[in-house]
Each structure stands twice: as C-alpha cells, then as structure tokens.
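Colleague: Got a minute to go through this one with me? I have the sequence and the coordinates open.

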Amino acid sequence: MIVSAIDLSKSYGKLQVLNSVNLQCKAGEICGVLGANGAGKTTLFKIILGLIQPDSGAVVLHAQGVKPIGGIIEKPALYEYLNAAENLKLFSKIQGLKITSETIEEKLNQVGLATDRTDLVKHYSMGMKQRLGIAIALLNHPKCLVLDEPFSGLDPLGITALRKLIIDLAEQEQLAILISSHIIDQLSKICNTMYVMSKGKIIKSGLAQDIILENTTSFSFSAPNIKSSKALKAYDVLFKGEIAQVAISTNEVPKLIQELSEEHIYITSCVPELDMDKLFQ
Ligand SMILES: Nc1ncnc2c1ncn2[C@@H]1O[C@H](COP(=O)(O)OP(=O)(O)OP(=O)(O)O)[C@@H](O)[C@H]1O
C-alpha cells in the first residue's frame with residue numbers, strides 16, 4: 001500500500017462529516033470515492049493531504065521522499081497572471097526545489113501541455129488548468145496523487161483526455177491515485193477500486209466493475225426491430241425508440257440475447273443501467 005486512511009472521523013461543530021472512514025490505495029491503482037454533494041469527499045481528501053487534522057484516526061503513507069503525496073483540492077490553485085512555465089518555476093521555488101528549463105518542458109510534456117505557449121494561465125481552459133495543476137503536484141515526485149472532482153467543468157473531450165493522462169500516470173509512473181466524483185460514470189471508466197460514500201461513511205467498497213454489476217437492476221438493449229420481440233413480453237420493459245430497458249439481472253443477459261437473436265433481433269449495444277437508490281442504500 002502507498003496510502004492508508006485508518007478509522008478517520010471528523011466533525012465540524014455538531015456535524016459529523018467523517019465517521020470511521022477506512023481506505024487504501026496501492027501503487028499503480030486508481031481508487032474512486034463516489035459520493036453525493038456534502039458526503040465528505042473533500043474533507044477526506046484534505047485530511048489525506050495533511051491540510052486538516054482528523055478528530056481521530058490516522059493517515060499512513062508508505063512512501064519515502066520530501067513530499068510523498070500531492071494533489072488538487074476542488075480546483076487547481078494557480079497564479080492566473082503568469083504563464084504555465086512561470087507557474088511551475090514559482091511553485092518549485094516555494095517548495096525549495098531547483099527547476100531547469102528542461103524539467104519544465106518535461107513536466108509540460110508529461111501532462112500534455114504545449115511547451116511553446118506563453119500566454120497567461122487565466123486564458124487557459126479548465127482542462128488545461130487541471131493538467132497544469134497535476135504538473136505542479138508532480139514537481140516533488142510524489143508516490144500518491146489526490147484529485148478532488150478533477151472532471152468537473154470539463155467538456156466530454158476534456159474528460160476523455162484527462163482520463164487518459166490519469167491512467168498513464170498510474171500505469172507508467174506507478175502512482176497511487178485517489179479521485180473523487182459525484183458522477184459514477186466518471187469513476188467507473190477509470191477506477192480499479194471504488195469506495196461509495198454517504199453521509200461521511202463508506203457504505204460500499206470493492207472492484208469498480210463488481211460494484212457496478214451488483215447494483216445494476218436493468219440493461220438497455222438496442223436493435224432496430226426490438227419492439228417486435230415476443231421474448232421481451234416475459235420481462236418488465238420500457239421502450240425508448242429502438243432501445244428497450246429491461247429489468248433483468250446480469251446472469252440472465254446471455255439467455256435474453258440468445259432469445260432475441262432467434263427472433264432475428266440482433267443487438268447492437270447492451271448497456272448496464274445502475275440503480276442509484278440501491279447503490280446508495
Ligand atoms: N470548514 C468547514 N466548516 C464547517 N462545515 C464544513 C466545513 N467544510 C465542510 N463542511 C461541511 O461538511 C460536509 C461535507 O463537506 P465536503 O466538502 O467534505 O463534502 P463533499 O462530498 O466534498 O461535497 P461536494 O461534492 O459538494 O464538494 C458539508 O455539509 C459541508 O458543508
């Protein structure tokens with residue numbers, strides 16, 4: 001393990017924000033923390049980054065180095081009136097690090113930012129700011145990266161590009177990466193492990209794909225002639241154009257696809273639909 005949160009609890013006055021939270025992330029792993037607004041994700045990440053203290057419990061970092069953990073909370077804190085290279089220089093100076101032009105180029109390349117852009121950061125898109133924030137977090141060669149809602153404010157292309165960067169950092173640099181989001185889709189496409197958080201407690205944890213399948217109560221099947229199916233009459237179905245949303249468990253899916261193909265209904269896509277009520281129960 002690179003980082004372990006052990007039995008963390010935190011209250012603000014009478015409001016208990018974290019209640020005995022346990023979480024672990026190992027090298028090369030991407031762990032997602034899923035929770036509604038106010039579930040306690042940011043508080044948890046602030047504690048893991050050492051920005052605030054828990055009332056009880058501990059964070060154990062199994063990594064050497066000056067600053068074995070880095071991250072972005074809420075949104076990247078950047079100097080908007082400087083350019084990317086100047087931001088990297090200034091953050092290095094603040095942290096007592098010497099940085100060369102070669103290292104600046106290397107960091108910008110690593111996060112996929114152009115090395116020849118000299119315009120001010122205030123003109124950057126949110127996706128570019130996130131990338132620069134990650135480059136700054138990587139200055140100290142951390143073993144663990146904590147990203148709080150990194151996809152918020154990004155368009156679908158920006159989300160896809162940032163997802164690729166995060167996966168590359170986990171795979172190539174073997175970083176332990178913690179990501180929070182209130183959108184399951186954003187986490188399910190990237191995380192190995194998922195923690196579901198509700199009202200300050202971890203209510204579910206495990207492999208992301210297992211959590212999704214365990215909490216899937218229907219599947220959406222697409223086929224041009226799906227409405228004509230006789231086999232579907234045996235199921236609870238909601239039709240939306242050429243899509244049939246069928247209340248069915250994961251292990252019944254192959255049988256239904258077989259029945260549909262016998263009726264010459266050939267499925268072009270089959271998408272699991274998560275039951276959010278079940279997930280947060
Ligand atoms: N410094 C603070 N003082 C008092 N209450 C706080 C403080 N910080 C957070 N809270 C409260 O703690 C609860 C959890 O907040 P937190 O920001 O950790 O949740 P979150 O899951 O990150 O939510 P969001 O997705 O909306 O950012 C909220 O009710 C919030 O209002």
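Modeller: We can take the ligand shell, then the cores, then the sheet and a few backbone angles. Keep in mind that this is a predicted model.

Colleague: Fine. Which residues are around the ligand?

Modeller: Tyr12, Val17, Gly35, Asn37, Gly38, Ala39, Gly40, Lys41, Thr42, Thr43 and His182.

Colleague: Which helix gives the most to that shell?

Modeller: Helix α1, residues 41-48, which supplies three residues.

Colleague: And how does the shell split by class?

Modeller: Seven residues are polar, three are nonpolar and one is charged.

Colleague: On to the packing. Which members of the largest nonpolar core touch the most others?

Modeller: Cys144, Ile177 and Leu178, in a core of 60 residues. Helix α4, residues 126-137, gives the most to this core, with six residues.

Colleague: What does Leu178 touch, leaving out residues up to four places away in sequence?

Modeller: Its contacts are Cys25, Cys31, Val33, Phe45, Ile48, Val146 and Leu147.

Colleague: What about a second core: which residues does it include?

Modeller: Among its eleven residues are Ala223, Ala244, Leu256 and Ile265, and this core is separate.

Colleague: Ala244 is in a strand, I think. Which face of β12 is covered?

Modeller: Strand β12 covers residues 243-247, and its covered face consists of Ala244 and Val246. Ile243, Gln245 and Ala247 make up the uncovered face.

Colleague: So where does β12 sit in the sheet, and what is the strand order?

Modeller: The sheet is open and has four strands, in the order β11-β12-β10-β13, with antiparallel pairing. β11 and β13 (269-274) are the edge strands, each paired on one side only. From one strand to the next, the twist averages 20°.

Colleague: How many bridges join β10 to β12?

Modeller: Five, with β10 spanning residues 216-222 and the two strands running antiparallel. One pair to look at is Ser222, whose bridge partner in β12 is Ile243.

Colleague: And how many between β10 and β13?

Modeller: Six, again in the antiparallel sense. Thr216 has Leu274 as its bridge partner in β13.

Colleague: That leaves β11. How many bridges does that strand make with β12?

Modeller: Four, and the pairing of β11 (residues 237-240) with β12 is antiparallel. Leu238 stands opposite Gln245 in β12. Gln245 is on the uncovered face of β12.

Colleague: Which residue takes a positive phi in the hairpin of β11 and β12?

Modeller: Gly241, with phi near 60°. The hairpin has two residues between the strands.

Colleague: A glycine, fine. Which residues other than glycine have a positive phi?

Modeller: His141 has phi near 55°, and Glu149 has phi near 50°.

Colleague: Where is His141 found?

Modeller: In the loop between α4 and β6, where β6 is residues 144-148.

Colleague: Why does His141 count as partly exposed?

Modeller: Because 14 C-beta neighbours lie inside 10 Å of His141. A residue is exposed at 12 or fewer and buried at 20 or more, with partly exposed in between.

Colleague: And where is Glu149?

Modeller: Glu149 is in the loop between β6 and α5, the latter being residues 156-172. Glu149 has 19 C-beta neighbours inside 10 Å, so Glu149 also counts as partly exposed.

Colleague: Good, that covers my list.

Methods: Residues numbered from 1 in each chain as written. Predicted model: local features only at pLDDT ≥ 70, side-chain atom pairs only at ≥ 80, totals over all residues. Near = placed C-beta within 6 Å. Nonpolar A, V, L, I, M, F, W, Y, C, P; charged D, E, K, R; others polar. Core = buried A, V, L, I, M, F, W, Y, C linked by C-beta atoms within 7 Å. Contact = placed C-beta atoms within 7 Å. Pairing = 2+ DSSP bridges. Axes fitted to C-alpha atoms, helices over the stretch in contact; angles between N-to-C directions.
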